[in-house]
Amino acid sequence: MAESRLPGARVVEVRSSILAGVLIGVAIMAAVDEIVFHQLLAWHHFYDRSTPSVALLSDGLLHAAEVVALVGGFFWFADLRRRGALSNRLTWGGFLLGAGGFQLFDGLVDHKVLRLHQIRYGVHLVPYDVVWNVAGVVLLLAGAAVVWRARSRGAGDGRR
């Protein structure tokens, strides 16, 4: 059955609004990780199990991927906004989901499963791991709450 809409009625793309936010959130959190922990504090590199040259190369590849994700996410965001299909609340929820997802994936998979790097070397890791992973969970829960609230209130109003 065809959906009837009033002429000029706004149709929010729920999934796209969330996913554009997720992509931007992943890119921003990757940038924060790389800038703060890889460059400013020099605690680790993306891949620490080889030579310093390989570690530097891995950081460059991470940076390139984060920039591509950020540009792609903002183009997607801009397209949704231009077409009037964007929900700001859902995009913010997606942003938090992406940031938390990146943080938790990095903390569990990159640090513990694959052992690409640790948060820091030469220190007792448990406090660092707890803070790192709890921060990811908090961001994920906040994002889920924002998305749930926006969907339960009706995501159609992107200005709320």
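How many salt bridges does the structure hold? The structure holds 4 of them, and I should say at the outset that this is a predicted model. I will go through several of these pairs, then turn to helix H2, to a buried histidine, and finally to a patch on the surface.

Let me begin with Glu13 and Arg83, whose side chains meet in a salt bridge with an N to O distance of 2.6 Å. Glu13 belongs to the segment before helix H1, which covers residues 14-40, while Arg83 sits in the loop between helix H2 (52-82) and helix H3 (88-113), so this pair ties together parts that are 70 residues apart in sequence. Neither partner falls in the buried class: Glu13 is partly exposed at 27% relative accessible area, and Arg83 is partly exposed at 40%.

The next pair lies within one helix. Arg82 forms a salt bridge with Asp79, and their closest N and O atoms are 2.6 Å apart. These two residues are 3 apart in helix H2, which places about one helical turn between them. The general background is that an α-helix has 3.6 residues a turn, so residues three or four places apart point the same way. Arg82 is exposed, with a relative accessible area of 63%, whereas Asp79 is partly exposed at 27%.

A further pair connects two helices. The side chains of Lys112 and Asp129 meet in a salt bridge at 2.7 Å, N to O. Lys112 is in helix H3 and Asp129 in helix H4, so the pair ties together parts 17 residues apart in sequence. Lys112 is partly exposed, with a relative accessible area of 30%, but Asp129 counts as buried at 12%. As for the pairs described before this one, salt bridges with shared partners join Glu13, Asp79, Arg82 and Arg83 into one network.

I now turn to helix H2 itself. What span should its 31 residues have at 1.5 Å a residue? The expected value is 45 Å, and the end C-alpha atoms are 45 Å apart, which agrees. The buried residues of H2 are Ala55, Ser58, Asp59, Leu62, Glu66, Ala69, Gly73 and Leu80; Asp59 and Glu66 are thus among the buried positions. The buried residues of H2 pack against H1. Just after the helix, Gly84 takes a positive phi of about 70°.

Is His44, in the loop between H1 and H2, buried or exposed? With a relative accessibility of 1%, His44 counts as buried. Leaving aside residues up to four places away in sequence, His44 touches Asp33, Phe37, His38, His117, Gln118, Ile119 and Tyr121. Two of these neighbours deserve comment. The side chain of His44 makes a polar contact with the side chain of His38 at 3.1 Å, and the His44 side chain also reaches the backbone oxygen of Ile119 at 2.8 Å.

Finally, the surface. Which residues make the nonpolar surface patch of about 330 Å²? The patch is made by Val126, Val130, Val134 and Val138. One of these, Val134, is found in helix H4, residues 126-153, and is partly exposed, with a relative accessible area of 45%. To relate the patch to the histidine just described, the C-alpha atoms of His44 and Val138 are separated by 23 Å, the two residues being 94 apart along the chain.

Terms used:
Residues are numbered from 1 along each chain as its sequence is written. This is a predicted model: local features need pLDDT of at least 70, side-chain atom pairs count only at pLDDT 80 or more; totals for chains, interfaces and linings use all residues. Side-chain values use heavy atoms; hydrogens and water are left out. Patches are made of residues with over 30% relative accessible area and no salt bridge: like charges are joined within 9 Å, nonpolar side chains (Val, Leu, Ile, Met, Phe, Trp, Tyr) within 5 Å. Accessible areas come from the Shrake-Rupley method with a 1.4 Å probe; for residues, only the protein chains shown count as cover. Helices (H or I, at least four residues) and strands (E, at least two) are DSSP runs, numbered from the N terminus. Buried means under 20% relative accessible area, exposed over 50%, partly exposed in between (1.4 Å probe, protein chains only). Contact means heavy atoms within 4.5 Å. A polar contact is a pair of N or O atoms within 3.5 Å; within protein, one must be able to donate a hydrogen and the other to accept it, and residues adjacent in sequence count only if both atoms are side-chain atoms. The expected span of a helix is 1.5 Å times one less than its number of residues.
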